[in-house]
Structures are given as structure tokens and as C-alpha cells.
Amino acid sequence: MFHFVSDSNRHSSMTRFSRLIGLTVAVLLLASLSSHAQTVATYDFENGNAQGWGSFFNATTPVSTTAAAYTGSSSLLTTTSSSGTGGPSIQLNSVLQPGAKYTITGYLRLTSGEGIANANFSIARTDPSCSGGTCYDTIGTYQVPVNDSGWVQIGGNFNASATETGVLLYAQLVGASSAKSFYLDDVVITQTAPPPGGTPIATYTWSDGGLDGWFPFGSPTLTNSAIPVANAFGDSHALQVTNRTAGYMGPALNLLTVPNVVAGATYQVTAYVLLASPDSSSPTATLSLKLADCATSGNYSSLGTSAALSATAWTKVQGTFSFTDQPGPPTGLTLYIQSNSATDSFYISHVTIGQLTAAPPDPSQQDNSGISTNFEDGGNDGWVSRSGSSTVSNSTAAAHSGTHSLLTTGRIANYDGPSISISNKMYSGSIYNISGWVRMLPTDGSSHNINVSLQTTLSGTTSYPGVTGYPGVSVPADGQWHQVSVMGYNMSSAYDQGQATLYFQTFPASGNDLASFYIDDFQLSYVPPPTIQTNIPSIFQSLSAYFPIGTAVDTSDLAGPHEQLMAMHFNSMTSGNDMKWSSVESTKGTFNYTNADAEVGVATCNNMLVRGHNLVWATGAQTPSYATGDGTNSPANQATVIANIQEHIQNEVQHFGNKVGVWDVVNEPLDPNQPDCLVHGPFYQVLGKSYIDVALQAARQYAPAGTKLYINDYSTTDSNRLACLVQVVGDLRSRGIPLDGVGHEMHNAINYPSVNAMVNAINTIADDFPGIDQQVTEYDESVYNAGDRTSNYGPNIPPSVLAEQGWLYADTFDAFKSLAGKINRVTIWGMADDDTWLDSFPVNRTDYPLPFDRGLQAKPAYWGIVDKTQLPGYGMTITSSIDAGKADTRTITLTATNGDVGTAWGMQINSLTLTQASGPSCTPQITSGPSFPVALGDMPADGTASVSVTFRINGCNPNAKWTLTVPWTANVYENGTFTTTIDFKHGNGGK
């Protein structure tokens with residue numbers, strides 16, 4: 001019989017703090033998976049009732065009250081018995097799982113006027129292992145001091161007994177001898193570890209006589225059978241496996257049909273195996289998994305292998321698995337049991353599947369309301385002393401806004417300051433903006449570093465991740481308020497529920513800084529993930545008549561809005577770093593394709609082409625040191641390096657096979673400063689230029705037929721580097737070395753190189769080597785000028801610069817389209833400005849080189865690619881009119897009118913030329929008007945600007961015809977020429 005466990009009786013808010021990429025098997029060592037912690041119950045009393053809490057040991061019936069609250073506006077009010085016993089209680093039988101581990105915390109405060117007391121959480125546990133059938137367990141510290149002036153946390157860890165049958169949680173005052181009243185609020189129960197084997201979701205015992213969904217993997221025979229040897233569970237049936245002819249053959253289960261098996265969670269599978277007859281070869285059994293999705297028809301993994309099997313006793317086999325919906329939801333997820341014996345028959349019994357960690361919550365299911373405290377209600381708004389010794393109090397002595405703030409005095413250490421719980425307010429993997437205002441006391445002109453940090457506890461380990469940068473924000477004690485602000489903080493710290501706080505502290509260079517300080521107008525706000533625009537044209541579809549368009553990616557682009565952006569706009573992919581030598585084979589002979597496989601998988605599922613980048617980097621960048629042996633050119637080391645190159649290339653190109661159609665076999669080999677035009681890097685030092693031959697020949701030998709082999713380099717628009725490229729390609733081809741194509745990186749600045757230089761580089765290679773493939777492989781456009789290492793726009797990029805970049809993108813892609821047939825693909829080195837290598841090259845600063853902005857929204861650069869009619873300043877027109885002055889003068893007025901798209905930045909008329917088209921020859925003379933070029937300034941949409949020039953036309957036949965030519969420029973790269981025919985008869989002009 002098959003049993004599955006419903007989670008309908010469990011709290012549905014389960015928290016995981018990390019997302020697995022790919023399929024994880026065996027023992028999960030990733031730190032991001034170490035947290036099982038999930039909230040199973042919360043009690044905040046905000047709905048106005050006691051939420052199931054009742055009286056324990058003669059206390060009054062607890063009631064919800066708004067007289068005090070730790071957070072929100074309500075708490076639970078209880079009065080002990082006349083002898084001080086009892087308190088509020090709640091049954092947890094349906095909340096706690098036997099054998100699991102928990103933290104149980106809450107906040108307690110005495111009512112006004114009550115004397116100091118001690119408090120705790122306790123559990124009355126009904127359990128046959130207890131003397132008399134009941135045990136009383138203290139949760140956390142037995143005596144926690146409490147008072148009427150502030151909230152104090154009580155509780156701690158609790159390990160549920162595997163044999164308990166009843167659990168009653170209660171809060172009490174310890175040692176009280178008379179009736180006392182107290183408030184209880186924000187009780188959180190968190191499961192920090194599941195029962196052994198995980199939270200059960202399915203058990204298979206076959207007691208109903210059927211197969212319970214199991215089926216043959218391969219062609220063995222499965223039979224429900226009476227159990228031949230008793231197992232520890234008292235099961236009556238088992239599943240018999242016979243007629244095996246191969247090791248992989250065995251019983252199988254489609255995990256996609258098992259309720260509660262979901263992507264992102266982690267599971268443990270346990271099964272028991274018994275040989276049908278003895279086998280002296282001591283065979284073993286292995287739990288295995290076959291995953292199929294849009295990228296693969298079968299990815300096989302071993303989850304765990306048993307000890308030697310026996311025919312007289314059951315042997316346990318156990319393993320763990322997890323899966324994601326990347327690169328696409330699984331179309332098949334098959335669990336099967338195989339043996340290293342190809343023919344032994346065996347039984348399996350009592351198979352269980354337990355959930356070790358829950359799937360991460362969708363951000364939309366989080367509490368994204370944030371925290372806002374301004375203390376105007378006269379309370380502390382949930383802020384407490386971090387040490388418990390300092391005083392945190394509402395104050396009207398100073399305020400940033402309103403009339404109240406929070407003052408912390410009597411600090412005992414640098415770390416001691418105001419602290420607030422951010423449990424269930426900040427979630428790992430989400431982004432937050434954090435801001436508060438600080439004023440120091442006393443006002444003595446001294447300077448202080450104010451630091452904002454977190455304290456998080458996960459599975460007993462406490463961490464203190466910083467929010468502000470080290471050492472913090474400098475705040476002078478000048479009697480003024482100063483903002484401490486962090487925008488876009490990436491919360492990456494997992495924590496057990498109820499075990500996360502944010503606090504303000506001082507951080508002096510040395511010693512102690514125990515100054516008092518106010519805080520006010522604190523804001524913690526969730527930053528939702530960006531949403532891509534789905535109503536704009538696709539880049540790759542817009543360019544489909546010319547060439548595929550690619551982008552560089554890393555694993556952060558494989559899910560969420562970045563993947564959506566990639567799939568919508570690009571039909572080719574290059575792994576930015578994960579196919580490079582140091583990424584896939586940092587240790588000789590040990591290959592790691594995890595990230596690259598994930599990227600290629602997403603490409604496959606989205607029908608994208610893939611460029612392989614790169615196999616050998618001429619400079620030795622991102623290349624492990626073993627690749628070039630001892631670095632000498634001795635015959636022995638040359639043989640070693642040749643073998644290393646060949647082995648590396650063979651493994652990588654065969655691993656990806658036909659999924660990668662183009663390889664940058666040798667990256668950046670050019671150096672115009674060398675006589676042979678080659679970089680004299682570590683490979684060259686050993687093998688000379690022949691290392692290029694070795695690499696290309698190995699790639700041709702081992703890559704699938706039809707794979708294109710490239711060399712790739714930068715600044716090929718520079719005349720000296722272009723000449724070197726011609727020389728090196730010519731040398732390789734003359735010697736019969738296989739080379740199919742040339743990659744032009746084109747990492748460009750906003751002012752260099754010119755579009756004409758790009759066109760020249762492509763045409764030069766096409767003319768010199770007819771039929772050779774060419775691609776633009778790493779295109780981006782920095783917003784800074786070439787050679788400028790000091791400018792930094794920070795977060796405030798001028799719109800004029802973005803418009804300039806947009807028109808440059810338009811000119812560049814117009815040129816690329818004109819070269820279709822000579823270039824067969826263009827790859828942009830990234831998608832959006834939130835992830836660009838230019839933020840750290842050539843210096844650390846904020847750059848904006850890509851088509852989409854940091855919020856994944858289309859920039860002018862995007863419109864420059866797909867539709868330049870949407871660029872700022874598009875639709876600019878010029879008209880002219882001629883006015884007659886005295887008999888021998890005429891005034892030409894030029895009026896520029898901007899289109900309706902956006903501002904035309906830096907509009908200027910470059911010159912004015914009159915060319916006589918008919919009539920007796922004469923030369924009009926300018927008598928007044930501005931000097932050219934004439935700056936018309938920044939013209940808003942639909943705006944106009946004019947300029948007038950007066951000519952003397954003595955001796956000119958008024959019937960003569962003249963051609964008026966007026967070139968103009970806006971947005972640096974937007975340009976046009978107005979041309980019309982005029983005469984001076986009666987001031988006639990043209991438009």
C-alpha cells in the first residue's frame with residue numbers, strides 16, 4: 001500500500017533561503033541548503049481574538065488587547081491565579097511532529113505597575129517515556145527577567161519526543177506568589193529540523209496487493225509478494241523484482257506523480273533491499289534518478305548505494321535529491337533501484353520519501369510590507385535594547401520629522417544600540433532599501449561611525465552581516481540629523497524564524513564609542529524584482545532578416561526576469577566565464593560543467609544558438625597554471641603542454657557536442673608590438689606560435705563535424721591590430737591550419753572607434769579572405785570616452801548621454817545590417833546595465849553600456865537597434881524662409897522643429913551653403929548672422945528654434961536659382977541635411 005502525507009494540518013508558510021541550480025544529489029553540502037527552518041505556527045493576536053490560546057493552571061482566560069503590543073497593535077493579556085501560577089496555553093498536538101526540532105519564541109511584558117518577575121515558556125508533554133506519563137519541559141532559559149517597561153523575548157529550542165502523544169505550550173511567571181497580569185505577543189514556532197528522514201510525504205508498503213505506481217525500469221518483472229523475511233516495521237508485503245538481465249534494471253517510480261514532491265525542495269529516500277537468494281559476490285543496491293526536461297532526454301544520477309546485500313536480512317539504501325524547474329520543468333523524474341549484479345532477483349520493502357527542506361517561497365507570498373517607524377505614537381515601535389542593559393526610550397527632545405524620536409542611552413558596548421526584529425520582514429534572496437536618520441549626543445563636534453548590521457541565527461550559528469559598508473557612515477555630533485541609507489541591499493543571510501534582527505551600533509577605529517544617539521524615520525522597504533516589458537519588439541525577431549543576435553550570460557540569468565528578457569530578445573548565447581579553462585578544469589583531469597551545462601540547457605530549451613568561449617586564452621588569463629607545465633620550452637614540457645591543450649579541448653568540445661556550434665578556440669592572440677603580431681604569453685613561451693596550431697587542430701579533430709572554429713580578438717578596428725589580424729589569419733591559412741572564422745570583440749567607447757572603422761575591419765577581412773566567417777562577439781558601448789578613467793556618472797546618468805548612446809547604437813546596427821553576409825552573428829556582452837563587466841573595468845565605476853537599464857527596461861540603445869523612430873530627437877525637420885530687406889539684401893531664416901519623441905540634445909546647425917544652380921554668376925555676401933556651427937541647444941519634443949542670416953545680393957540676378965544646403969547634428973550621432981531650392985526674386989524660400 002502507498003501512503004502519502006498531506007500537509008493540510010501544517011502551517012503553509014515554509015521558508016527556504018536559497019534556490020538550487022540544476023539537480024543536486026547525494027549529500028547536500030551547500031550552505032544555502034543547510035537551513036530546514038520553516039515557520040509552522042505564528043500567533044500575533046492581530047485579529048482581535050485569542051487564536052486558540054486558553055487558560056493553564058487557574059489563570060484567567062486570555063483575551064486579545066490593544067493596550068500594548070510588541071509589533072502591530074494587539075497582544076494577549078492574561079492574569080495568573082491568586083497564588084501566581086498559570087498563564088496562557090495552547091495545544092500543539094497538530095503543530096509539532098514527533099522527532100522534529102523546533103524553536104519556540106515569544107515576547108512578554110508585565111502590565112503597568114507590576115513588579116519585576118521572571119518568566120519562561122514551558123511544555124506539558126504527554127509521553128509514555130515520562131514518569132507518570134507527563135513531563136514538564138522548560139523552553140530556553142528557566143528564569144528570564146521581565147518588567148512593565150519593555151518587551152523581553154522568552155523561549156528557545158525544543159526537541160519533540162518521538163513518542164509524545166500530547167503537547168501543551170504555556171507561558172508562566174516563575175516564583176510569583178500573587179496574581180500578576182502580563183502580555184504575550186508574536187509567538188513563533190519554527191521547525192529547524194524535520195523528523196529523522198524528513199517530514200514524511202510518501203510511504204510504500206504494498207500491503208494492498210498492488211504495485212502502488214511502481215513500474216519496471218528496463219524489462220524486469222515486478223510482483224507484489226508476501227514479505228519473505230520480517231522487517232523492522234512489521235510489513236506484510238514487499239515488491240519482488242525478477243527476470244533482470246542488466247544492472248540498471250529494477251523497480252521505478254515516477255516522482256512527478258507523488259503528491260508534495262515539488263521543485264526547490266530537498267527529499268530523502270529510504271528503502272530496504274533483500275536478495276531473493278544468496279550471492280557470494282556481495283552485490284549492492286543503488287538508488288538512482290533519471291531526469292528529463294526540455295534540454296535532455298535523460299540525466300542520470302546516483303543518490304546513494306547500500307552496503308553488501310543479504311538474503312537473510314534487509315539492507316537499507318538511502319539518498320537525497322532535489323530538482324528545479326530550470327532550464328525547464330521536468331518532463332520526467334524517475335526514481336529507480338538498480339544493482340551492480342546484472343541478474344540477481346531482490347525484494348524491496350518500506351520505501352519512504354521525506355522532505356528535508358521546503359521549497360523557497362515565491363516573493364509574492366512573502367510579507368513584503370517592510371518596516372516604518374517614526375515613534376509618533378509615543379512608543380518604541382518594536383525597537384529594544386540590543387544588550388538589554390542600555391535604555392531605549394521614546395523622546396520628544398528631538399525629532400527628524402514630527403515631534404518624536406527614539407533615544408538610546410547607557411550603552412555598554414559598541415554593539416549596544418537599538419535593535420528591531422526583521423524576522424518575516426527580510427527574506428534571503430530579496431532586495432531591500434534601508435534608511436534611518438541619526439543624531440548624536442552630546443553635541444560636541446566629535447565624529448562617529450554609525451554602522452547598521454544584522455544578527456541572524458541559523459541552526460545554532462549566529463552571524464553578524466553588515467548592511468552599511470565598513471566601517472559605517474560618518475556622523476558628526478553637530479546637532480543635526482544625518483541619514484544612514486543603503487539602497488539595494490541583497491539579503492543573503494538565512495535564519496531560523498524569530499532569529500533575525502537589525503541594529504544600529506557605533507564602529508570606532510579603536511576602543512569604545514558609547515555615545516548616546518537618536519534615531520528617527522526608519523524605513524525598511526522591499527524592492528520587487530523587475531518586470532520586463534512584453535509589449536516591445538523582440539531584438540532577435542527584428543534582426544531575423546540579417547543575423548542572429550546573442551548575449552553573454554552567467555548563472556544569474558537563468559531564472560526570473562533575466563531569463564525572460566534573454567528568451568524574448570536573443571536567439572544566441574555565450575557563457576561569459578563558465579566555459580573558460582579555469583572554470584571547467586581548474587585541476588587537471590577534473591572537469592566541472594555544472595554552470596555551463598545549466599546555461600546551455602536554458603539555451604536549448606529556448607531554441608538558442610550557443611557560442612563556446614573560450615578553449616585557450618593566449619594571455620593565460622583564467623587559465624590554471626598546470627596548463628603550461630613548468631613554463632619552459634624544453635622538449636619534455638612542450639610535450640606536456642601539447643597534451644594538456646589536446647586533452648582539455650577534447651573533453652570540452654566532446655562534452656558539449658552539437659549543442660555548441662562555434663568555438664573561440666584561441667582568444668586574444670594578437671599583439672601589434674611583437675614582430676610576429678602574437679602575444680608572447682605562457683603558451684607562446686613554451687610552444688611559440690604552434691600552440692595556436694595545436695589548439696585549432698585538436699578542436700577540428702574532436703569537435704563534431706560542422707563546428708566552426710574561430711580566433712577572437714579586441715580592437716580590430718585599430719589599424720595596427722587589424723593588420724596583425726590579417727597577417728595571423730593569412731599565416732594560418734597558408735599552412736593549412738583549420739580556421740573557419742574571426743571574432744571581432746568590439747568593446748567600444750562612446751567616442752571611439754568610429755562606425756566607419758568597424759565597417760572597415762569587417763570589409764578588410766572579407767576582402768582578404770573571401771568566404772571566411774566573421775562575427776561581432778562581445779559588443780558593448782561604454783558611456784565614457786576612450787581613455788577616460790576618472791569620470792563616473794554614478795546612479796545619475798544624464799539623459800543626453802543615453803540619447804547619444806542610442807543614436808550610436810542605431811548607426812552601429814545600421815552598419816552591421818549592411819554587412820549581413822559578411823558577418824553572420826552579433827553578440828552583445830550582456831543584456832542590461834545591472835550586470836556589466838565595465839562596472840569594474842578599466843576602473844570601478846557605474847557604466848551603462850547595454851540595451852536595457854538596471855531595471856531591465858528598454859533604453860534608447862535598445863530602440864537604436866530595433867526602431868530608431870523611437871529615439872529622442874527623431875523627426876527633426878528644418879524649414880527656411882526668405883525675407884526681403886533693402887533692395888540688395890535678403891534674410892534667410894532657418895527653423896528647426898523637433899519631432900514628438902523626446903528631447904533633441906545639443907541640436908546645432910553645422911553650416912549654411914548657397915550653390916548657384918542657374919542664372920548669371922554672382923556671390924552673395926553674408927552681412928550679419930551668427931558664426932557656424934550654430935548651437936540651438938536642447939530642444940524638447942515638438943520644440944522649435946530659429947536662426948537668421950542676412951545676405952547682400954548686389955549684382956545678383958533675382959531670377960537666379962540657388963541650392964540651399966544646411967547640415968545639422970543632434971544627440972552627437974543624429975544628423976541630417978536640409979536642402980532646398982530658392983531664389984531672391986521677392987524673398988521666396990523653400991521648405
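In helix H8, the residues Arg 721, Leu 722, Cys 724, Leu 725, Val 728, Val 729 and Leu 732 are buried. These residues lie on the same side of H8, because the arc they cover around the axis is only 160°. The face turned away from this buried side carries Ser 719 and Ser 734, both of which are exposed. H8 can thus be read as a helix with a buried side and a face with exposed residues turned away from that side. The model in which this helix appears is a predicted one.

The helix itself spans residues 719-734 and has 16 residues. From the first C-alpha to the last, H8 reaches 22 Å, close to the 22 Å expected at 1.5 Å a residue. Several elements help to cover its buried residues, including helix H7 (690-702) and helix H9 (755-768). Strand S41 (708-713) and strand S42 (741-744) are also among the elements that cover them. After H8 comes Gly 736, which has a positive phi, near 75°.

From this helix, attention can turn to the sheets. One open sheet is built from four strands in the order S46-S47-S52-S50, with antiparallel pairing. Strand S46 (877-884) and strand S50 (925-928) each have a single partner strand and stand at the edges, so one side of each is left without a neighbour in the sheet. From one strand to the next, the twist of this sheet averages 35°. A look at one pair shows how the strands are joined: S46 and strand S47 (residues 889-897) run antiparallel and are linked by eight bridges. Here Ile 882 stands opposite Ile 892 of S47.

A second open sheet contains five strands, arranged in the order S4-S7-S12-S9-S10, and its pairing is antiparallel as well. At its edges stand strand S4 (54-56) and strand S10 (134-146); each has a single partner strand, so one side of each lacks a neighbour in the sheet. The twist in this sheet averages 30° from one strand to the next. Within it, strand S7 (residues 87-91) pairs with strand S12 (residues 166-174) in the antiparallel sense, over three bridges. One of the residues to look for is Gln 91, whose bridge partner in S12 is Leu 168.

Loops deserve a look too, and Asn 231 offers a good example. This residue is found in the loop between strand S16 (221-226) and strand S17 (237-242). Asn 231 counts as buried because its relative accessibility is 12%, while the cut-off for buried is under 20%. The side chain of Asn 231 has polar partners: one of its polar atoms lies 3.0 Å from the backbone nitrogen of Gly 234, and the side chain also makes a polar contact with the side chain of Ser 349, at 3.3 Å. When residues up to four places away in sequence are not counted, Asn 231 touches Trp 314, Ser 349 and His 350.

Finally, the whole protein can be brought into view. The chain has 991 residues, and 53% of them are buried. There are 11 helices and 54 strands in the protein. Taken along the principal axes, the C-alpha atoms fill a box of roughly 125 × 85 × 55 Å. Among contacts between residues at least 6 apart in sequence, 76% join residues that are at least 24 apart.

How values were computed. Residues are numbered from 1 along each chain as its sequence is written. This is a predicted model: local features need pLDDT of at least 70, side-chain atom pairs count only at pLDDT 80 or more; totals for chains, interfaces and linings use all residues. Side-chain values use heavy atoms; hydrogens and water are left out. Two strands pair if DSSP finds at least two bridges between them. Helices (H or I, at least four residues) and strands (E, at least two) are DSSP runs, numbered from the N terminus. Axes are lines fitted to C-alpha atoms, for helices over the stretch in contact, and angles run from 0 to 180 degrees between N-to-C directions. The expected span of a helix is 1.5 Å times one less than its number of residues. Buried means under 20% relative accessible area, exposed over 50%, partly exposed in between (1.4 Å probe, protein chains only). The arc is that of the directions from the helix axis to the C-beta atoms. Contact means heavy atoms within 4.5 Å. A polar contact is a pair of N or O atoms within 3.5 Å; within protein, one must be able to donate a hydrogen and the other to accept it, and residues adjacent in sequence count only if both atoms are side-chain atoms.
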